[in-house]
Structures are given as C-alpha cells and as structure tokens.
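Trainee: I have a structure open on my screen and no idea where to start. Can you walk me through it, feature by feature?

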Amino acid sequence: MLYGIAAATAALLLTAVLAALLRVPARRLGLVERRQRQRRVPVSGGLAVVLVTSLVAVAGDRTGWAPLGDGVGRLLVAAAAVAGLGLVADVSRLKTSILVVGTAVAAACVMPYGDLGVLGGLLGAGWVTFAALALRSLDHADGLAGAVGLVTAFGVGACVAAELLDGLAVLLSVLAAALTGFLLHNWPPARAALGACGSLFAGFLLGAGGVYARVGHDPLESAGVLFALVALGAADTLLVVLSRRLAGRPLLRGAPDHLAHRLRRLGITAQGAVVLLGLLASCGVLAGVLVHIGRLGAQAPLWGAGVVAVIVLGLLRVPVPVPRRPSHTVVRQPGSPTSTQVREPLRVRNG
C-alpha cells in the first residue's frame with residue numbers, strides 16, 4: 001500500500017519533469033507532431049511516460065517491494081518493444097501496417113493461452129492491438145489521449161485489483177500516475193504530446209490488462225466489458241472509418257475528421273471538447289467496471305454500444321475539410337530544364 005502511493009507520486013513528478021526536459025531535444029531531433037500549420041508539438045511526453053513507468057515498475061520488482069511476477073514482467077517488456085516501434089514511427093514515416101503487425105505480434109507473445117486457449121489467445125491479441133491503435137487515434141487533439149488513457153487506466157486497474165492481480169495493479173497505477181504528470185504538459189494548448197511511442201505503450205498495457213482481468217469469465221460478458229472500457233476509442237475509430245469510406249477517401253490518409261475535430265467545428269472549445277469526451281469515456285469505463293464486479297447486468301454494454309452508434313451517426317453529419325491531393329507544379333529555373341515538383345498538404349501523423 002505504502003509503496004503504491006510512493007510509486008505513484010514518484011511517477012507523476014518524474015514524468016512531469018522529464019517531459020519538460022525532453023522538449024528541447026525532441027524539437028531539435030524533429031520529434032514533433034503537427035497539430036496545426038503554425039504549431040509543432042514535441043512528442044517528449046510519450047517517451048517520458050514510457051521511461052518513467054518502466055523504471056518505477058522495475059524498481060519495485062527488483063527491490064521486492066512490489067513484485068510484478070513473470071507474466072507482468074513479460075507484458076512490460078512487450079509494451080516497451082511496441083513503444084520502441086512507435087518511436088521509430090515518430091522519427092520516420094513508418095507504414096501503419098508495420099505498426100499493426102508489430103503490435104499484434106507483441107500481443108500474441110504475452111497472451112495466457114493456457115487459460116484462454118489458442119483461439120481465445122489470438123482474439124485477445126487482436127483486442128490488445130485494437131486498444132493500442134485506438135488510443136493512438138485519440139492522440140489527434142491536445143489533452144484527449146492523455147485524459148482518456150488516465151480514465152481507462154483507473155478502470156482497468158480496478159478490474160485487475162478485483163481479481164487480486166497485485167503486480168499488474170501496481171503497474172497500471174504507475175501508468176495512471178505517469179499519464180497524470182504528462183497531462184500537465186498536454187492540456188490544451190499542449191506543450192508535449194504522446195506520439196506513437198507513448199500512445200501505443202499505454203494502449204497496449206490497458207488492452208492487455210483488460211484481457212488478463214477477464215480470464216476465467218464468460219466470453220460474451222467479457223467482450224462487453226472490454227468494449228465498455230475503450231468505448232470512446234471504438235467510437236472514434238468507427239467514425240473515421242465510416243467517414244472516409246463514405247467520402248471515398250483512403251482509410252490511412254490523415255484528415256481532420258476525428259471526434260474532437262468535429263466537436264471543434266460545432267463551436268466547442270479545445271478544452272471543452274476534452275472535458276466532454278473525457279466524461280463520455282468515464283461513463284463507459286465505469287459501466288465496464290460495474291459489470292466486471294457484478295454490480296450491473298451483462299446487458300449494460302449494449303446500451304453503451306447504442307450511445308456510441310448515436311454519437312457516430314450524429315457527428316457524421318458534421319462537415320469536415322477534404323484534404324487536397326498532392327499537386328504537381330512545373331518549376332522553371334534559369335539555365336535549367338523544366339522540372340516537376342510535388343507539393344503535398346501538411347501531413348497528419350496520427351490521422
């Protein structure tokens with residue numbers, strides 16, 4: 001108990017300090033996300049969350065104050081590997097398909113096949129991959145991924161604690177504290193962002209934590225609980241997929257068509273959009289926790305799915321700017337032959 005409080009406090013403070021210290025090096029190395037044409041946000045926050053969460057958790061395990069256990073230790077290593085892949089994506093233009101495959105392979109390596117079976121383990125790995133990418137998708141606006149990740153960490157941590165998985169509960173509490181320290185820099189207007197490194201790391205741990213907590217429970221009820229825990233991320237993903245398919249745009253081409261983008265076009269402020277979406281995420285997480293501990297019936301997530309459908313259908317009617325296709329312009333220079341230059345619109349890393 002005392003170590004948990006001390007670890008959470010240390011994680012919060014260390015993440016807040018490290019995220020600030022890494023801002024300047026991140027800018028110089030080009031580790032930035034372009035939230036607006038005139039504003040580039042360094043992704044130092046994601047690296048700080050990964051480093052502090054890993055170091056504090058490992059320190060507790062090595063000292064014996066809060067042993068993680070073999071399964072949780074492997075989970076942390078896999079999450080760190082996914083974070084490394086995300087860091088490569090932050091530095092260079094890594095294809096989304098590589099992120100998906102790499103995250104799925106890492107998730108498949110840590111599934112409890114002995115309890116879930118082969119099919120259940122593969123489905124669990126797919127769910128963890130979806131949860132990681134869904135949190136990455138929510139990093140499209142200042143404060144949103146951090147706030148939703150924080151709320152979800154508390155919810156998944158409560159489910160894990162109810163199953164007496166002490167090592168995993170400590171790890172998730174440290175993650176929640178690190179995300180709180182990160183939010184001090186990420187609240188609109190953000191001075192640091194999670195990037196692919198931090199968002200994939202946090203989403204991976206949250207998705208895997210949910211799967212571990214539901215081992216031994218009814219599969220259909222487990223599917224409802226896991227959906228409720230990440231309902232907001234599911235809503236954002238569904239909204240983007242439907243929007244781009246209906247408009248005939250490529251699914252992987254970034255565009256301002258996510259949840260927060262559409263709320264901003266309705267006149268809601270950046271801070272208001274984060275608060276509103278954070279409250280919606282809290283409702284889903286609370287429902288998932290109450291179903292997990294038996295205080296709500298298994299049908300409660302169905303109501304959540306209905307709310308998600310209403311939100312998606314309503315926001316689909318909000319118009320969004322259509323990204324321009326790359327245009328070819330002919331550039332003539334004195335004394336040189338005619339050359340063709342491709343001018344592209346601003347790239348959205350987390351679209």
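Mentor: We'll go through a helix, two single residues, the cavities and a pocket. Keep in mind that this is a predicted model.

Trainee: Okay, a helix first. How many residues does helix 13 have, and how far does it reach?

Mentor: To read a helix, compare its end-to-end reach with the span expected for its number of residues. Helix 13 covers residues 270-292, which is 23 residues. From its first C-alpha to its last it reaches 33 Å, close to the 33 Å expected at 1.5 Å a residue.

Trainee: Which residues of helix 13 are buried?

Mentor: Quite a list! Among them are Ala273, Val274, Leu277, Gly278 and Ala281, and further along the list includes Gly284, Val285, Gly288 and His292.

Trainee: And what covers those buried residues of helix 13?

Mentor: The cover includes helix 7, helix 9, helix 10, helix 11, helix 12 and helix 14. Have a look just past the helix too: Gly294 follows helix 13, and its phi is positive, near 85°.

Trainee: Now a single residue. Where is Val312, and why is it called buried?

Mentor: You check the relative accessible area against a cut-off: under 20% is buried. Val312, which is in helix 14, has a relative accessible area of 2%, so it counts as buried.

Trainee: Which residues does Val312 touch?

Mentor: Leaving out residues up to four places away in sequence, Val312 touches Ala235, Leu238, Leu239 and Leu242. Here's another way to see how the chain folds back: Val312 and Ser243 are 69 residues apart in sequence, yet their C-alphas are 9.5 Å apart in space.

Trainee: What about Asp142: is it buried or exposed?

Mentor: Use that cut-off again. Asp142 has a relative accessible area of 10%, so it is buried. You'll find Asp142 in the loop between helix 6 and helix 7. Then look for a polar partner: a polar atom of the Asp142 side chain lies 3.1 Å from the backbone nitrogen of Ala190.

Trainee: Next, the empty spaces. How many cavities of 30 Å³ or more are there in the whole structure?

Mentor: A search finds 2. With a cavity, ask about its volume and then about its lining. The largest cavity is about 100 Å³, and the residues lining it include Ala131, Leu135, Val148, Thr152 and Gly233. Helix 6, helix 7 and helix 9 are the elements that give two or more residues to that lining. By class, the lining of the largest cavity has 8 nonpolar, 4 polar and no charged residues.

Trainee: And which element gives the most to the lining of the second largest cavity?

Mentor: Helix 9 does, with 3 residues. The second largest cavity has a volume of about 30 Å³, and Trp127, Val156 and Gly210 are among its lining residues. That lining splits into 6 nonpolar, 2 polar and no charged residues.

Trainee: Last one: what is the volume of the second largest pocket?

Mentor: A pocket is open, while the probe cannot get out of a cavity. The second largest pocket has a volume of about 390 Å³. It is lined by 15 residues, and those closest to its centre are Leu116, Gly120, Pro219, Ser222 and Leu226. Helix 6 gives the most to this lining, with 6 residues, and helix 10 supplies at least two.

Trainee: How many charged residues are in the lining of that second largest pocket?

Mentor: There are 2, along with 8 nonpolar and 5 polar residues.

Methods
Residues are numbered from 1 along each chain as its sequence is written. This is a predicted model: local features need pLDDT of at least 70, side-chain atom pairs count only at pLDDT 80 or more; totals for chains, interfaces and linings use all residues. Side-chain values use heavy atoms; hydrogens and water are left out. Helices (H or I, at least four residues) and strands (E, at least two) are DSSP runs, numbered from the N terminus. Buried means under 20% relative accessible area, exposed over 50%, partly exposed in between (1.4 Å probe, protein chains only). A polar contact is a pair of N or O atoms within 3.5 Å; within protein, one must be able to donate a hydrogen and the other to accept it, and residues adjacent in sequence count only if both atoms are side-chain atoms. Contact means heavy atoms within 4.5 Å. On a 1 Å grid over the protein atoms alone, a cavity is a set of points where a 1.4 Å probe fits but cannot get out, and a pocket is an open set with protein on both sides within 12 Å along at least five of seven lines; lining residues have an atom within 4 Å of a point. Grid points are joined across faces, edges and corners, and a volume is the space filled by probe spheres set on the points. Ala, Val, Leu, Ile, Met, Phe, Trp, Tyr, Cys and Pro count as nonpolar, Asp, Glu, Lys and Arg as charged, and the others, Gly among them, as polar.
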